[in-house]
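I opened this structure to look up how its nonpolar residues and aromatic rings are arranged. My entries follow in the order in which I made them.

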Amino acid sequence: MADVPHAWLLRWLKVPSERQLPEGTVRVFNAAPAYLNYRRALLALKQVGVLAGTVVGWLFISRWVPMILDFPYTRPVMYALEAFVWVGYLVMFPVSFFVIRLDYELRWYALTDRSLRVHEGIMALREKTMTFANIQQISIQQNPLQRLLGIADVKVETAGGGSGSHGGDADLNPAEHLHEARFRGVSDPEAIRDAILERVRMHRDTGLGEPTELVTRPPESASVAGTGSPVAAAKELLTEVRELRGALASRRAP
């Protein structure tokens with residue numbers, strides 16, 4: 001992909017060329033290179049459908065329209081419309097693949113110290129931020145084509161998501177649920193899931209709306225002969241027993 005049309009399209013779409021990561025970013029993940037091939041395969045299937053529809057339309061216009069509409073300029077007008085459709089198809093074919101490549105390059109997923117953020121989209125920019133304290137469920141989803149390419153989606157749901165959340169790819173299902181976010185096309189879904197779970201465990205809700213961190217401390221090592229060791233405690237207990245025995249014996253003496 002040439003640098004000149006790349007920079008021109010970024011300026012035309014008013015998309016920042018550099019990532020604007022949120023404050024406190026801990027880790028950043030990107031979609032795998034295989035995700036670009038995945039999107040290209042889906043687009044190719046769509047283009048085949050459009051091509052088939054264009055061919056069928058061409059055959060219909062050339063054979064049936066002149067028989068149905070018997071006007072002097074019916075055939076030239078139909079041919080002009082069909083030619084316009086073909087020109088639009090030939091122009092949009094490479095542009096659509098270019099936009100998919102640009103979408104792949106500008107797609108990223110970030111984990112901060114308190115939340116996660118998903119940045120995706122070119123024609124329609126979408127950014128989602130979810131706090132770890134509100135995350136309720138994390139799952140890995142993979143269709144047969146993704147399994148073949150070695151990629152998967154990590155689905156994150158927050159409170160209120162419910163079972164009616166949508167699935168599938170963004171192009172196949174643009175109306176994604178407001179209470180879910182997806183790390184799409186990643187090659188290490190287990191690592192991303194574990195990283196999110198670790199942050200969620202560190203930011204469990206206290207019930208007052210404030211996150212709390214679960215701090216783990218290593219056990220303190222005790223010296224065998226030092227203060228607070230089991231041997232020292234046993235000696236101290238033995239001394240107290242002897243003193244108590246001596247006090248009882250002195251009371252019983254006449």
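Entry 1, the surface patch. I began with Val 55 and found its place in helix 2. In this predicted model, Val 55 has a relative accessible area of 37%. I therefore recorded Val 55 as partly exposed, since that class lies between the limits of 20% and 50%. I then looked up its surroundings: Val 55 belongs to a nonpolar patch on the surface, together with Leu 51, Trp 58 and Leu 59. The accessible area of these residues together is about 320 Å².

Entry 2, the core. I next turned to the largest nonpolar core and noted 29 residues in it. Those with the most contacts inside this core are Leu 111, Leu 116, Ile 135, Val 156, Phe 183 and Ile 196. I asked which elements each supply at least two residues of this core. They are helix 2 (33-63), helix 4 (74-105), helix 6 (189-202), and strands 2 (108-112), 3 (115-120), 5 (135-141), 6 (152-158) and 7 (180-186). Helix 2 gives the largest share, 6 residues.

Entry 3, Phe 183. I selected Phe 183 and listed what it touches, leaving out residues up to four places away in sequence. The list includes Phe 29, Tyr 109, Leu 111, Leu 116, Val 156 and Ile 196. Is Phe 183 buried or exposed? Its relative accessibility is 0%, so I entered Phe 183 as buried.

Entry 4, aromatic pairs. I noted 6 aromatic pairs in the structure. For Phe 29 and Phe 183, the ring centres are 6.5 Å apart and the planes stand at 70 degrees. I classed this pair as edge-to-face because the angle is over 60 degrees. Phe 29 lies in strand 1 (residues 25-29) and Phe 183 in strand 7, so the pair ties together parts 154 residues apart in sequence. Phe 29 is buried, at a relative accessible area of 6%.

I then examined Tyr 109, which also forms an aromatic pair with Phe 183. This pair is tilted, with 4.8 Å from centre to centre and 35 degrees between the planes. Because Tyr 109 lies in strand 2 and Phe 183 in strand 7, the pair ties together parts 74 residues apart in sequence. I recorded both Tyr 109 and Phe 183 as buried.

Entry 5, a ring cluster. Finally, I asked which residues ring pairs link into a cluster. I found Trp 86, Tyr 89, Phe 93 and Phe 97 linked in this way.

Technical notes: Residues numbered from 1 in each chain as written. Predicted model: local features only at pLDDT ≥ 70, side-chain atom pairs only at ≥ 80, totals over all residues. Heavy atoms only, no water. Core = buried A, V, L, I, M, F, W, Y, C linked by side-chain atoms within 4.5 Å. Buried < 20%, exposed > 50% of the residue type's maximum accessible area, 1.4 Å probe, protein only. Helix = DSSP H or I, 4+ residues; strand = E, 2+ residues; numbered from the N terminus. Contact = heavy atoms within 4.5 Å. Phe/Tyr/Trp six-rings, centres within 6.5 Å; stacked < 30°, edge-to-face > 60°. Patch = residues over 30% accessible without salt bridge, like charges linked within 9 Å, V, L, I, M, F, W, Y side chains within 5 Å. Areas by Shrake-Rupley, 256 points an atom, 1.4 Å probe, with all protein chains shown as cover. Salt bridge = Lys/Arg side-chain N within 4 Å of Asp/Glu carboxyl O.
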